[in-house]
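Please open the structure in your viewer and keep the selection panel at hand. The tour proceeds from single residues to the interior and then to the chain as a whole.

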Amino acid sequence: LQDANGTAVVVPLRSKGSAPLGRVPLSFELLGKSGSRVYRNDTPGLDSSLVEAPVLEPGRRLLWVDDQIQVTGKPVRAKAVAGRPRAQLTGPPPRMELGPLELTDDPTEGVAVKGSVKNASTVEQRRLVVFIVARRGGRIVAAGRSIVPRLKVGATAKFTAFLIGDPRKARLSAAVPPTTLP
């Protein structure tokens, strides 16, 4: 996805296993019209949320989003690969509860999605990533993410995400996999 504010990639992920997977590495590249690479998420120092999925639950789909991409040309194609998980979970992952999503149009900041997330687990969360996707007619038309720096057990936090693309008149969905595992 591209607009005047930047470039975003949405990578659909699904675990085929029977147990939750933690810290799944993701490698992707964007290619230009001639097949040349215009971006790859292997720059040293990238935040872990830009190179891995925190948790993949068995049989559930996660639409992972990177909206922090600085391209060197116009991308026309993407290639992505998920690696072996770096953490195995022996029980269910910590549970987060999303509140309703609201689309807002700020005259100075642009279109944003606001919402809230509750930590319904017994594990405090740090750098909790909320992935947001907007679909119109079954097609992804906008995506973004927001990071909640810290969410104590039982607490609720508000978040705002600015999306790449136009989410107006689109159906919003969000996912918030836990980032701190037991």
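A residue is called buried under 20% relative accessible area, exposed over 50%, and partly exposed in between, using a 1.4 Å probe and protein chains only. This is a predicted model, in which local features need pLDDT of at least 70 and side-chain atom pairs count only at pLDDT 80 or more, while totals for chains, interfaces and linings use all residues. Residues are numbered from 1 along each chain as its sequence is written, and side-chain values use heavy atoms, with hydrogens and water left out.

**First stop: two arginines**

Select Arg127. Its relative accessibility is 41%, so Arg127 counts as partly exposed. Arg127 belongs to strand 12, residues 125–136; strands (E, at least two residues) and helices (H or I, at least four) are DSSP runs numbered from the N terminus. Although Arg127 is not a glycine, its phi is positive, about 50°. Most residues other than glycine have a negative phi.

Now select Arg23, in strand 3 (residues 21–31). Arg23 is not a glycine either, and has a positive phi of about 55°. Because its relative accessibility is 36%, Arg23 is classed as partly exposed.

**Second stop: the nonpolar cores**

A nonpolar core is a set of buried Ala, Val, Leu, Ile, Met, Phe, Trp, Tyr and Cys residues joined through side-chain atoms within 4.5 Å. Which residues touch the most other members of the largest nonpolar core? Select Leu13, Phe28, Leu30, Ala53 and Trp64: of the 20 residues in this core, these have that role. Elements that give two or more residues to the core include strand 2 (6–14), strand 4 (37–40) and strand 5 (52–56). Strand 6 supplies the largest share, 5 residues. A second, separate core has 16 residues, among them Ile132, Val141, Val148 and Ala157. In soluble globular proteins, nonpolar side chains tend to be buried together.

Return to Phe28 and display its contacts, where contact means heavy atoms within 4.5 Å. Not counting residues up to four places away in sequence, Phe28 touches several residues, including Val9, Tyr39, Trp64, Asp66 and Ile69.

**Third stop: Leu172 and Thr104**

Select Leu172, which is located in strand 16 (residues 171–175). Setting aside residues up to four places away in sequence, Leu172 touches Leu101, Leu103, Val113, Ile132, Val133, Ala134, Leu163 and Pro167. Next, add Ala143 to the selection: the C-alpha atoms of Leu172 and Ala143 are separated by 9.2 Å, and the two residues are 29 residues apart along the chain.

Then select Thr104, in strand 10 (residues 102–106). Is Thr104 buried or exposed? Thr104 is buried, because its relative accessible area is 19%. Apart from neighbours within four places in sequence, Thr104 is in contact with Gly110, Val111, Ala112 and Lys114.

**Last stop: the whole chain**

Finally, select the complete protein chain and display it as a ribbon. The chain contains 0 helices and 16 strands. Along its principal axes, the C-alpha trace spans about 50 × 40 × 35 Å. Of the 182 residues, 41% are buried. Among contacts in the chain with a separation of 6 or more, 74% are between residues 24 or more positions apart.
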